[in-house]
Amino acid sequence: MQEIINNISSFVWGPPTLILIVGTGIYLTLRLGFLQFRTLPYALRLAFSPKRQDKASKGDISHYEALTTAMAATIGTGNIVGVATAVVLGGPGAVFWMWITALFGMATKYAEAILAVKYRVENSKGEMSGGPMYYLEKGLNAKWLGILFAIFGAIAAFGIGNMVQSNSVSDALESSFNIPTWATGVALTLFAGLVIIGGIKSIGKVTAFFVPIMALFYVLGGLVIIVMNFDIVPAAIGLIFTDAFSASAVGGGILGTVIRYGVARGVFSNEAGLGSAPIAAAAAKTDYPGRQALVSMTQVFIDTIIVCSITGITIVMAGLAGGGLEGGPLTQASFAHFLGDWGGYIVTIGIVLFAFSTLVGWSYYGEKCFAYLFNDKVVPIYRVAFVIAIFWGAVQTLDLVWGISDVMNALMAVPNLIGLLGLSGVVVYETKKFLEVAKQEKEQERLAKASGE
């Protein structure tokens, strides 16, 4: 069974799917006039400026809380383990292709969020529900695709969003600190349960506090390494670029492998095109879909261009990729190469924090998928089942679960990308409408500032 699942996973994550994901990002980038490059500074201000948080519009959580909820789910083990795997299998040049995937993926994430907010609905509790299942049903008139997406998302939530994460934490703590897996399972179940049972408002408050601390902890550890060894940074970055386009790679047929693993791990890390993050975006308090879409777009930039880059550059600088290590142990060894035991501890704690945040973020995605398939009455049952599964994952061997989850992630992308391509005209229309509003707001701010002076 494991071999069958692995073969299916290799097929569904093969070149056709990766080309579809990146191709959609390129297409949306062209249709939106390279929006992600033109508006990134403004988008970051929208995301992180307290005075720009919309408190009056419909929604459950703020722009910032919606962003951190999505970041909680995406800044995960992929940023540590996935990057290391890409470098081992694809070479240093894979990091460059992760960057390229992210730059186009920002347009994809933007489109997902704009459609999620536009087609969201209010449930029986007065909470917002949205995501690919709703824009496939209401925008594309293809409810059957929405049902397929929800099924794939519901299964993935219990696998890659739950048991795989708790298993990563228990393994890391057992190997680094000899903490029994059952003890980790109990602690994770209690802490995550306290957050998850409270729903999106509880999740939003926790992620708003927890995610910046979590990301800064890991990024600062990596920056210390980069600053302390700045003399070898240019050579490492140069190797990433030359390996991505090297003549030997092109001539030897290796270039395709470099691109494949760079793209695959980039998508695995930031989830652009998979359709997961727009479920959180739909809960945001916002007056225009375009406003929240710009905020959601910054998630890809932070996840891949910042966090993954820290991992990738450190691994290339350490030069340990060819020594038989891979995944998390390679990242740990690379950090330890520069910082001693403390470097390994930074990565171990990073894995724990990232995996815990993924648990919390994906619990909400799964909840909304189950509610779409059944109704809001199943939500309390779902939350209890999700929390129980956390403990199960911590104490079991989950190779099969990981494989199935990997397949479900790829299958989620297919109906979602169909929706994005089919509704790209709506994305362009909503974008033009909001950019005009943003232009007027900027002018009003300028006039107010001038009159104040």
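This report walks through some helices, aromatic rings and single residues of the structure above, which is a predicted model.

**Two pairs of helices**

Let's begin with helix 7, which spans residues 93–118, and helix 16, which spans residues 289–318. Their axes come within 7 Å and cross at roughly 160°. Angles over 145 degrees count as roughly antiparallel, and helix 7 and helix 16 are therefore roughly antiparallel to each other. The crossing of helix 7 past helix 16 is right-handed. Sorted by class, the residues in the contact of helix 7 with helix 16 are 18 nonpolar, 8 polar and 2 charged.

Now compare that with helix 4 (residues 40–48) and helix 5 (residues 63–74), whose axes also come within 7 Å but cross at roughly 100°. This crossing makes helix 4 roughly perpendicular to helix 5. Which residues make the contact between helix 4 and helix 5? From helix 4 come L46, A47 and F48, and from helix 5 come H63, Y64 and L67. By class, the contact of helix 4 with helix 5 has 5 nonpolar residues, 1 polar residue and no charged ones.

**A closer look at T108**

Back in helix 7 you can find T108. Is T108 buried or exposed? Its relative accessibility is 2%, so T108 counts as buried, given that buried means under 20%. If you set aside the neighbours within four places in sequence, T108 touches T24, G25, L28, A272, G273 and L420.

**Aromatic rings**

The model has 17 aromatic pairs. In one of them, the ring centres of Y134 and Y372 are 5.1 Å apart and the planes meet at 75°, so this pair is edge-to-face. The pair links distant parts of the chain, as Y134 belongs to helix 8 (residues 132–139) and Y372 to helix 18 (residues 341–373), with their positions 238 residues apart. Both Y134 and Y372 are buried.

Another pair is Y382 with F386: here the ring centres lie 5.6 Å apart and the planes are at 45°, so the pair is tilted. Y382 and F386 are 4 residues apart in helix 19 (residues 379–395), which means that about one helical turn separates them. Y382 and F386 also belong to one aromatic cluster together with F158, F370 and F374.

**Buried or exposed?**

The table below gathers accessibility values for five residues.

| Residue | Relative accessible area | Class |
|---|---|---|
| T108 | 2% | buried |
| Y382 | 4% | buried |
| F386 | 0% | buried |
| I200 | 3% | buried |
| F11 | 66% | exposed |

Take the residue in the last row: F11 lies in helix 1 (residues 2–12). With a relative accessible area of 66%, F11 is exposed, because exposed means over 50%. I200, in contrast, is buried at 3%, and its place is in helix 11 (residues 199–228).

**Distances along the chain and in space**

How many residues apart in sequence are I200 and T39? They are 161 residues apart, and their C-alpha atoms are 28 Å from each other in space. For F11 and A293, the separation along the chain is 282 residues, and 31 Å lies between their C-alpha atoms. You can look for these residues in the structure above and follow the chain from one to the other.

Terms used:
Residues are numbered from 1 along each chain as its sequence is written. This is a predicted model: local features need pLDDT of at least 70, side-chain atom pairs count only at pLDDT 80 or more; totals for chains, interfaces and linings use all residues. Side-chain values use heavy atoms; hydrogens and water are left out. Buried means under 20% relative accessible area, exposed over 50%, partly exposed in between (1.4 Å probe, protein chains only). Contact means heavy atoms within 4.5 Å. Axes are lines fitted to C-alpha atoms, for helices over the stretch in contact, and angles run from 0 to 180 degrees between N-to-C directions. Angles under 35 degrees count as roughly parallel, over 145 as roughly antiparallel, 65 to 115 as roughly perpendicular and the rest as oblique. A crossing is left-handed if the near helix is turned anticlockwise from the far one by less than a right angle, and right-handed if clockwise. Ala, Val, Leu, Ile, Met, Phe, Trp, Tyr, Cys and Pro count as nonpolar, Asp, Glu, Lys and Arg as charged, and the others, Gly among them, as polar. Rings of Phe, Tyr and Trp (its six-membered ring) pair if their centres lie within 6.5 Å; planes under 30 degrees apart count as stacked, over 60 as edge-to-face and the rest as tilted.
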